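Subject: Structure handover

Hello,

Here is the structure we talked about. Please open it and keep it beside this email as you read.

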Amino acid sequence: MAHEFRIEDQVYTRFTFERDGRVLRAVITSDHPVNGVDGPMHDELARVFTDLQRDSESDIIVLTARGRAFCAGGDFAWFQQQIDDPASFRAIAWDAKRIVTSLLEMEKPLLCRLNGAAAGLGATIALLCDIIVADEKALIGDPHVKVGLVAGDGGALIWPQLIGYARAKELLMTGDMLTATEAKALGLINHAVPGAQLDAKLGEIIAKLQGNPKWAVRWTKTVTNIPLRALAAQMMDAAIGWESVSNYLGDRREAVAAMAEKRAPNLTGE
């Protein structure tokens, strides 16, 4: 008999899990008001997708969040800790790569239920899912540059593949946010619907997936992701490396302080 592995038997403090038959919903559940990423959440993000793949009782995964946001990227208190102790930023580099690679290696179909704002790493996680269904009022973007960081934790990898280099570079270098409706028009996400219709649209897609032979669906996804996995292997060491370097800079410290103090940053180019 195959070894049974249930994700509920693992210890998670930033996720809860809900089952509906062979569909498993992984819910980001944080005390942070916009599900900002802190150290414990980053640790769990580095293993949750592997555990979801191993879960014996599910065939389709839905990733969503509790509250008004999906995931607003790094928590500012955590940012300040990384600025004050750059070694702590360096220490998460392996996990940062593993978040991206484990998302791309998952064989099960992974649907993103984008219930609210997704920024930075939150946007990367959403965009690395296979099908993204968003509340039309949700915002999505990668404002790493606005807090003085290189968009190294997957943004520079996935955005150009979805919308082309010209539009991706503009959005990554400006840090502008998009509405879900704008994102759909660009081809960044699959569907933008009124919030009340979010679950109905997901249910429609899930029914289509379940109506097809499971292994044909699963392995079609797997082979489609091969070029993205190869690209991640080429890019992620350098991307995380440059992001780590940017964490040392004076403008990084100033950008985070200005955000925290709700003022314009006094950038010096240092």
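Is Lys262 buried or exposed? Lys262 is exposed, because its relative accessible area is 76%, and the cut-off for exposed is over 50%. Please keep in mind that this is a predicted model.

**Two positive phi values**

Lys262 sits in the segment that follows α12 (250-261). Its phi is near 55°. That is a positive value in a residue other than glycine.

Now go to Asn35. Its phi is also positive, near 55°, and Asn35 is not a glycine either. Look for Asn35 in the loop that runs between β2 (23-28) and α1 (39-54). Asn35 has a relative accessible area of 1%. Buried means under 20%, so Asn35 counts as buried.

**Strand β5**

Next, find strand β5, residues 110-114. How many of its five residues are buried? The count is five of five, so the strand is mostly covered. Follow the side chains along β5. Leu110, Cys112 and Leu114 point one way. Leu111 and Arg113 point the other way. Arg113 is buried along with the four others.

Which strands pair with β5? One is β3, residues 60-65. β3 and β5 run in the parallel sense and share three bridges. Within that pairing, Val62 has Leu111 of β5 as its bridge partner. Another is β7, residues 131-135. β5 and β7 are parallel too, and four bridges join them. Here Leu114 stands opposite Ala134 of β7.

**Helix α6 and the loop before it**

Move on to helix α6, which covers residues 155-163. Which of its residues are buried? They are Gly155, Leu157, Ile158, Trp159, Pro160 and Ile163. Just past the helix comes Gly164, with a positive phi of about 90°.

Then step back to the loop between β8 (139-141) and α6, where you will find Val150. Val150 is partly exposed, because its relative accessible area is 34%, and partly exposed lies between the 20% and 50% cut-offs. Val150 joins Trp242 and Val245 in a nonpolar surface patch. The patch is about 300 Å².

**Where to start**

Begin with Lys262 and Asn35. Both have a phi near 55°, yet Lys262 is exposed and Asn35 is buried. Then trace β5 with its parallel partners β3 and β7. Finish at the patch of Val150, Trp242 and Val245.

Best wishes

Technical notes:
Residues are numbered from 1 along each chain as its sequence is written. This is a predicted model: local features need pLDDT of at least 70, side-chain atom pairs count only at pLDDT 80 or more; totals for chains, interfaces and linings use all residues. Side-chain values use heavy atoms; hydrogens and water are left out. Buried means under 20% relative accessible area, exposed over 50%, partly exposed in between (1.4 Å probe, protein chains only). Two strands pair if DSSP finds at least two bridges between them. Patches are made of residues with over 30% relative accessible area and no salt bridge: like charges are joined within 9 Å, nonpolar side chains (Val, Leu, Ile, Met, Phe, Trp, Tyr) within 5 Å. Accessible areas come from the Shrake-Rupley method with a 1.4 Å probe; for residues, only the protein chains shown count as cover. A salt bridge is a side-chain nitrogen of Lys or Arg within 4 Å of a carboxyl oxygen of Asp or Glu.
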